[in-house]
Amino acid sequence: MADLVCSAKGCRATATVALLWRNPRLHTPDRQKVWLACDDHEESLGAFLGVRGFLLERVPADQIPASAG
């Protein structure tokens, strides 16, 4: 398995959570994008997606569904 690195700008920490999201204006309902988050950035990245209505689900980083990506 490849290293799971946080998606926050400039962060190189190991990700512990995967934020599954979709922009309904751009992505079909079956599409899920993934942002990875370390413990320090889980809330800020999740809030960014949540406020926009993009956040679908939070899962442990080592349990990202095969259909996401």
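Let's begin with the rings: this predicted model holds three aromatic pairs. Select Trp21 and Phe54 to see one that is stacked, with 6.0 Å from centre to centre and 20 degrees between the planes. Trp21 belongs to strand E1, while Phe54 sits in the loop between H1 and E3, so this pair ties together parts that are 33 residues apart in sequence. Both Trp21 and Phe54 are buried.

Now add Trp35 and Phe48 to your selection. Together with Trp21 and Phe54, they make up one aromatic cluster. While Phe48 is on screen, show Arg52 as well: Arg52 lies over the face of the Phe48 ring, 3.6 Å from the ring centre.

**Next stop: strand E1**

Colour residues 17–21, which form strand E1. Are the residues of this strand buried or exposed? Five of the five are buried, so you may want to hide the surface here. Turn on the side chains and look along the strand: Val17, Leu19 and Trp21 point one way, and Ala18 and Leu20 point the other way. In a regular strand, side chains alternate between the two faces of the sheet.

Then bring in the partners of E1. Strand E2, residues 33–37, runs antiparallel to E1 and is joined to it by five bridges. Strand E3, residues 55–60, also pairs with E1 in the antiparallel sense, over five bridges. Trp21 is a handy landmark for both pairings: Trp21 stands opposite Lys33 in E2 and opposite Leu55 in E3.

**Over to helix H1**

Select residues 42–51 for helix H1, and pick out Glu42 within it. Which side chain does the Glu42 side chain meet in a polar contact? It is that of Arg58, at 3.1 Å. Beyond its neighbours within four places in sequence, Glu42 is in contact with Val17, Leu19, Ala37 and Arg58. You have already met Val17 and Leu19 as buried residues of E1.

**Last stop: the cysteines**

Finally, select Cys6, Cys11 and Cys38. How many disulfides does the model contain? The count is zero. Why is Cys6 not bonded to Cys38? The Cys38 sulfur is the closest cysteine sulfur to that of Cys6, but at 3.8 Å it is too far for a bond, as a disulfide calls for sulfur atoms within 2.5 Å. Cys11 is in no disulfide either, and its nearest cysteine sulfur, that of Cys38, is 3.8 Å away. Cys6 is buried, with a relative accessible area of 4%, and Cys11 is buried too, at 11%.

Key:
Residues are numbered from 1 along each chain as its sequence is written. This is a predicted model: local features need pLDDT of at least 70, side-chain atom pairs count only at pLDDT 80 or more; totals for chains, interfaces and linings use all residues. Side-chain values use heavy atoms; hydrogens and water are left out. Buried means under 20% relative accessible area, exposed over 50%, partly exposed in between (1.4 Å probe, protein chains only). Helices (H or I, at least four residues) and strands (E, at least two) are DSSP runs, numbered from the N terminus. Two strands pair if DSSP finds at least two bridges between them. A polar contact is a pair of N or O atoms within 3.5 Å; within protein, one must be able to donate a hydrogen and the other to accept it, and residues adjacent in sequence count only if both atoms are side-chain atoms. Contact means heavy atoms within 4.5 Å. Rings of Phe, Tyr and Trp (its six-membered ring) pair if their centres lie within 6.5 Å; planes under 30 degrees apart count as stacked, over 60 as edge-to-face and the rest as tilted. A charge sits over a ring if NZ of Lys or CZ of Arg is within 6 Å of the ring centre and within 35 degrees of the ring normal.
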